[in-house]
Amino acid sequence: MNKEERFVTAITPKSEDFSRWYTEIIRRAELADYAPMKGMMVIRPYGYAIWENIQRLLDNRIKETGHTNAYFPLFIPESLLQKETEHLEGFSPEVAWVTHGGEEELEERLAVRPTSEAIIGNMYSKWIKSWRDLPVLINQWANIVRWEKVTRPFLRTTEFLWQEGHTAHETSEEAEKETLMILDLYKEFVETELAIPVISGRKTARERFAGALETYAIEALMSDGKALQMGTSHNLGQHFSKVFNIRFEDRDQKLQYVWQTSWGVSTRLVGSVIMSHGDDSGLKFPPRIAPVQIVIIPISLGNWKQEVLPTAQALEQGLKKEGWRVKLDAREEFSPGWKFSEYEMRGIPLRIEIGPRDIKNNQAVVVRRDTMAKESISLDSLQAKIPQILSDIQDSMLAKARKFQAENTSEVDNYQDFKSVLESKRGFLKTFWCGNQDCEDKIKEETMATIRVVPLEQEEKGKCVLCQADAGQWVFFARAY
RNA sequence: CGGGGCGUGGCGCAGUCUGGUCAGCGCACAGCGUUCGGGACGCUGGGGUCAUGGGUUCGAAUCCCAUCGCCCCGACCA
């Protein structure tokens, strides 16, 4: 963006210092603020509104596919967590423990949930007795605590919000089908609502969820060329049902262990929206999740309170009636120019300016945040045109992000090219991998790149990018957050 | 947990090397007035025990020791 075009000067340009831009914009736009405890943040109203929109839109999808919401306890007794050793080992470095109730030391320590498989498994063993009880399809919206060493607002905080689905099924096939159905649901959700294209596939053994049979994930490319895991869906097999003794009598009157899945997305998604779409001027929200979709700014010139304001207010009411999230900013203490910059920084998709000149011409000036394009539209047809404009913004944001992903996905067939791409533009590296963890480990050690996913569609085989062994499968590597 | 950087009104910083009108600037905030089609301006005003705790000194934001916290880059993770 040219200097002349850049009206927002309150933040470090994204193109200059990505990390700094990210943390500055979060605070300037009042999405979140640092709490007085290490690694913890306060999600402020403007940031929480995005999470609420994500919740609402995803919750609808979760319910449409037959799931219901419930709520399980925040604390998990140590003995429960210990039942699945692989699971415990996966999480133990980051579990926060409650050791005292008031002044008294507890008989048994309580973990603040780092995830809820254990407590839910415990309950499912009580609830599930017969094949007629299955499937159990429960989701919960909850907070989670993981004592991470390095934190960043939204991307990795000590406490975060998420949804976690936990299902139990009669057969292995049914559990696998659920796992993949959710993976697709996540992909569709993120692309449709957040306008962020993702790649999806299976995780390798080293990246797998502790205690899972298979982990599937969706991954997106952020505009600094690093990958971000956006959501995971785990096929837990019978690991947890055997440990927590979740058995049912099947249709042939035999006792069987249930087949389980779990899956989740978190407030990290808010971070992904900031990073994927933002630019030097600040945030850029896709209309479908924007806390405010349209801001109306009356131009305070001359006798504007009589001549301009009533029209602006009527427009606000009309748009609200249509269900749009609209804000009219008629404050006198800020100039129109200040407001333009402010709402650009805050990422509001559409701005409508109305001044005396517009009233004279029976029009309004409409400015898109995504392209900054200005257009004068007749007041008579404005309201009717809004749905098309906003849907166009949503579409073109996704298209732009897709183009970026395509331009930053490199197909390589040898380790030299692999390394040189990582040194220059990063992004996704599509290549073949032999399936041997030694190769995966060595590549990570030398390049910091990990296998983000193994795509589910595998039409051809090729030589491993590192050891050149035959019959490798397609994988996507990237440096990740 | 390693390597680096930094803690001075709400935010961004200067001052620290060389101890002594250094408690200062910009933005933000409050009041009044003029402004307002791309972050307006003038005047007036409020706000900081210089991260914390020790020490050195006649005297410490400044020097020494310790502690805490934050940021960035790595190792680990949603």
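The crossing of helices H10 and H13 is right-handed, and it makes a good way into this predicted model. The residues that make the contact are Thr311, Leu315, Gly318 and Leu319 on the H10 side, and Leu379, Leu382, Gln383 and Ile386 on the H13 side. Sorted by class, this contact between H10 and H13 holds five nonpolar residues, three polar ones and no charged ones.

**Two helix pairs**

Two packed helices are described by the angle between their axes and the distance between those axes. Here are those values for H10 with H13, and for another pair, H1 with H8.

| Helix pair | Angle between axes | Distance between axes |
|---|---|---|
| H10 (residues 309–321) and H13 (residues 379–407) | about 30° | 11 Å |
| H1 and H8 | roughly 120° | within 11 Å |

How do H10 and H13 lie relative to each other, parallel or antiparallel? With an angle of about 30°, they are roughly parallel, because angles under 35 degrees count that way. H1 and H8, which cross at roughly 120°, are therefore oblique to each other. Like the opening pair, H1 and H8 have a crossing described as right-handed.

**Leu315, a residue to follow in H10**

Leu315 is found in helix H10 and is one of the residues that H10 brings to its contact with H13. Is Leu315 buried or exposed? Leu315 is buried, because its relative accessible area is 8% and the cut-off for buried is under 20%. If you set aside its neighbours within four places in sequence, Leu315 is in contact with Ile296, Ile352, Ile354, Leu382 and Gln383. Leu382 and Gln383 among these also appear on the H13 side of the helix contact. For a sense of scale, the C-alpha atoms of Leu315 and Phe72 are separated by 45 Å, and the two residues are 243 residues apart along the chain.

**Helix H1 and its surroundings**

Now to H1, which spans residues 18–28 and has Phe18, Trp21, Tyr22, Glu24, Ile25 and Ile26 buried. What covers these buried residues? The cover includes strand E1 (32–34), helix H8 (268–277) and helix H11 (336–345).

In the contact with H8, Phe18, Trp21, Tyr22, Ile25 and Ile26 of H1 meet Gly271, Ile274 and Met275 of H8. By class, that contact has seven nonpolar residues, one polar residue and no charged residues. Just after H1, Glu30 takes a positive phi of about 60°.

**Thr447 in H15**

Further along the chain, Thr447 sits in helix H15 (residues 437–447). Thr447 is buried, as its relative accessible area is 5%. Beyond its neighbours within four places in sequence, Thr447 is in contact with Tyr415, Phe418, Lys419, Leu422 and Arg479.

**Cysteines without disulfides**

How many disulfides does the model contain? The count comes to zero. Two cysteines help to show why. The sulfur of Cys434 has its closest cysteine sulfur in Cys439, 3.7 Å away, and that is too far for a bond because a disulfide needs the two sulfur atoms within 2.5 Å. The sulfur of Cys467 has its closest cysteine sulfur in Cys464, also 3.7 Å away, so this pair is too far for a bond as well.

As for accessibility, Cys434 counts as partly exposed, at 24% relative accessibility. Cys467 also counts as partly exposed, at 39% relative accessibility.

Conventions: Residues are numbered from 1 along each chain as its sequence is written. Chains are lettered from A and ligands numbered from 1 in the order in which they are written. This is a predicted model: local features need pLDDT of at least 70, side-chain atom pairs count only at pLDDT 80 or more; totals for chains, interfaces and linings use all residues. Side-chain values use heavy atoms; hydrogens and water are left out. Buried means under 20% relative accessible area, exposed over 50%, partly exposed in between (1.4 Å probe, protein chains only). Axes are lines fitted to C-alpha atoms, for helices over the stretch in contact, and angles run from 0 to 180 degrees between N-to-C directions. Helices (H or I, at least four residues) and strands (E, at least two) are DSSP runs, numbered from the N terminus. Angles under 35 degrees count as roughly parallel, over 145 as roughly antiparallel, 65 to 115 as roughly perpendicular and the rest as oblique. A crossing is left-handed if the near helix is turned anticlockwise from the far one by less than a right angle, and right-handed if clockwise. Contact means heavy atoms within 4.5 Å. Ala, Val, Leu, Ile, Met, Phe, Trp, Tyr, Cys and Pro count as nonpolar, Asp, Glu, Lys and Arg as charged, and the others, Gly among them, as polar.
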